[in-house]
Amino acid sequence: MLLWLIVARQIRRLVTKPIRKLEELSRQVTREENYALRARRGHRDEIGSLADAFNTMLMRMEAREQQLKRARDDAQAAFDQAQSLAEETRHSNRKLELEVQVRSKIEKKLTGFQNYLNSIIDSMPSALIALDEQLYVTQWNQEASALSGTSLSEALNQPVFLAFPPLKPFLAQLRRTAEQHRVEKIERVTWSKDEEPRHYALTFYPLMGGAGRGVVIRIDDITQRLSLEEMMVQSEKMLSVGSLAAGMAHEINNPWAPSCTTCRTSAGACRRSWRRTVNRPRSWACAWRPSTSTCRPARSRPCSTASSRPAPAPRASSATCSASAGAAVASWRPAPCRR
């Protein structure tokens, strides 16, 4: 019995107690999650090997825990960084969205303004062509298309002498305008449009600005203006001819004016003398004859009677006056009457 007690005590000391300590340690590790705890190694037997294995497991678990902790920290840092980046991205997206909206509005305004300018340019009655420094077409309105027969899509980025062949003789003036920056004008050229000759005035002026340099060509139809000028010239000629005819008529009428005045004056004098002669109450009266200018005795009728008066002389008019009548009246003098 004593032997069994001794054996049991030895078994408890050597086997049961180390196993219980390992059990308590494992529970402590599980409860505290402290993988830095270690089991005390006892004797170099199976229990000691079990303690070493348990310690090795705890070391590996501690290392794994540290790795997991570092990974968790790294993941948390990455998550925080991702969140900050996401916030910055959202902020940037909002800014970009606002910028896109502003740019869209600006583009709409620019597009509307460009369309407005194109409408103004296309509504011009003159052909307008813009060229760069190499004389390639950069702007082309509808009047230029109608005049040349070349559409806008075909004319853009083409040499001007290919897009508008009638301008080929004026390449020297165009180059001079582009190089020397001065205005060149061609007063009148004649081209055919719709099988009819039309007259045009050309103006080349330099284009200068931030977008580059070049030449602008303006082509004005002056056919109607020239027609009006010709009509005005013809009207002035007719006015000149009318003024000349009026002056000639005035010069022709000037010599007749004194004659007509003399005739009217003489006729008035004749009428006054005739009335004075007829109204005298005498038996002798002066009878005027243009050819003799002498006095003769009156008839047996008394001069005082009203019936003895001769008929009055017809009224002379300036239209019937002649040079001979004027001379006779001028030479007549009444003779003294005798009883």
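Trainee: Which residue forms a salt bridge with Arg225?

Mentor: In this predicted model, Arg225 lies in helix α7, which spans residues 223-278, and its partner lies in that helix too, 4 residues apart, about one turn of the helix. Arg225 is partly exposed, with a relative accessible area of 45%, and the partner, at 38%, also counts as partly exposed. The closest N and O atoms of the pair are 3.7 Å apart, and the residue that joins Arg225 in this salt bridge is Glu229.

Trainee: Which residues do salt bridges with shared partners join into one network?

Mentor: One link of that kind is between the side chains of Glu184 and Arg176, which meet at 3.0 Å, N to O. Glu184 counts as buried because its relative accessibility is 12%, and the cut-off for buried is under 20%, whereas Arg176, with a relative accessible area of 27%, is partly exposed. The network made through shared partners consists of Arg176, Arg182 and Glu184.

Trainee: How many residues apart are Arg198 and Asp221, the pair that links distant parts of the chain?

Mentor: Arg198 and Asp221 form a salt bridge in which the closest N and O atoms are 2.7 Å apart. Arg198 counts as partly exposed at 25% relative accessibility, and Asp221 is partly exposed as well, with a relative accessible area of 36%. Arg198 sits in strand β4 and Asp221 in strand β5, and their separation along the chain is 23 residues.

Trainee: How many salt bridges does a search of the whole structure find?

Mentor: Side chains of opposite charge can pair when their charged atoms come close. The pairs discussed above include Arg225 with Glu229 and Arg198 with Asp221. For the whole structure, the search finds a total of 7.

Trainee: How many residues does the largest nonpolar core have?

Mentor: The elements that each supply at least two residues of this core are β1 (127-132), β2 (137-140), α3 (142-148), α5 (160-163), α6 (171-180), β3 (184-193), β4 (196-207) and β5 (214-221). Among the residues with the most contacts inside the core are Ile129, Trp191 and Ile217. Leaving aside neighbours within four places in sequence, Ile217 is in contact with residues including Ala127, Val160, Leu174 and Phe204. The number of residues in the core is 26.

Trainee: How many residues make up the other core, which lies apart from the largest one?

Mentor: This second core includes Val29, Tyr35, Ala51 and Leu58. Its place is apart from the core just described, and its number of residues is 8.

Trainee: Why do the buried residues of α6 lie on the same side of the helix, and what arc do they cover?

Mentor: The buried residues of α6 are Leu171, Gln173, Leu174, Thr177 and Ala178, and they pack against β1, α5, β3, β4 and β5. They are on the same side of α6 because the arc that they cover around the axis is only 165 degrees.

Trainee: What phi does His181 take just after α6?

Mentor: His181 follows directly on α6, and, not counting residues up to four places away in sequence, His181 is one of the residues that Pro206 touches. The phi of His181 is positive, with a value of about 55 degrees.

Trainee: How far apart in space are Pro206 and Val183, C-alpha to C-alpha?

Mentor: Pro206 is found in strand β4 and counts as buried because its relative accessibility is 16%, where the cut-off is under 20%. With residues up to four places away in sequence left out, Pro206 touches Thr177, His181, Arg182, Val183 and Gly214. Although Pro206 and Val183 are 23 residues apart in sequence, their C-alpha to C-alpha separation in space is 6.7 Å.

Trainee: What is the accessible area of the nonpolar surface patch that Phe113, Tyr116, Leu117 and Ile120 form together?

Mentor: Leu117, one of the four, is placed in helix α2, residues 46-123. At 32% relative accessibility, Leu117 counts as partly exposed. Taken together, Phe113, Tyr116, Leu117 and Ile120 have an accessible area of about 400 Å².

Trainee: What share of the 339 residues in the protein is buried?

Mentor: The protein has 8 helices and 5 strands, and its accessible surface comes to about 25500 Å², of which 56% belongs to carbon and sulfur atoms. Of the 339 residues, the buried share is 20%.

Definitions and conventions: Residues numbered from 1 in each chain as written. Predicted model: local features only at pLDDT ≥ 70, side-chain atom pairs only at ≥ 80, totals over all residues. Heavy atoms only, no water. Patch = residues over 30% accessible without salt bridge, like charges linked within 9 Å, V, L, I, M, F, W, Y side chains within 5 Å. Areas by Shrake-Rupley, 256 points an atom, 1.4 Å probe, with all protein chains shown as cover. Salt bridge = Lys/Arg side-chain N within 4 Å of Asp/Glu carboxyl O. Buried < 20%, exposed > 50% of the residue type's maximum accessible area, 1.4 Å probe, protein only. Core = buried A, V, L, I, M, F, W, Y, C linked by side-chain atoms within 4.5 Å. Contact = heavy atoms within 4.5 Å. Arc of directions from axis to C-beta.
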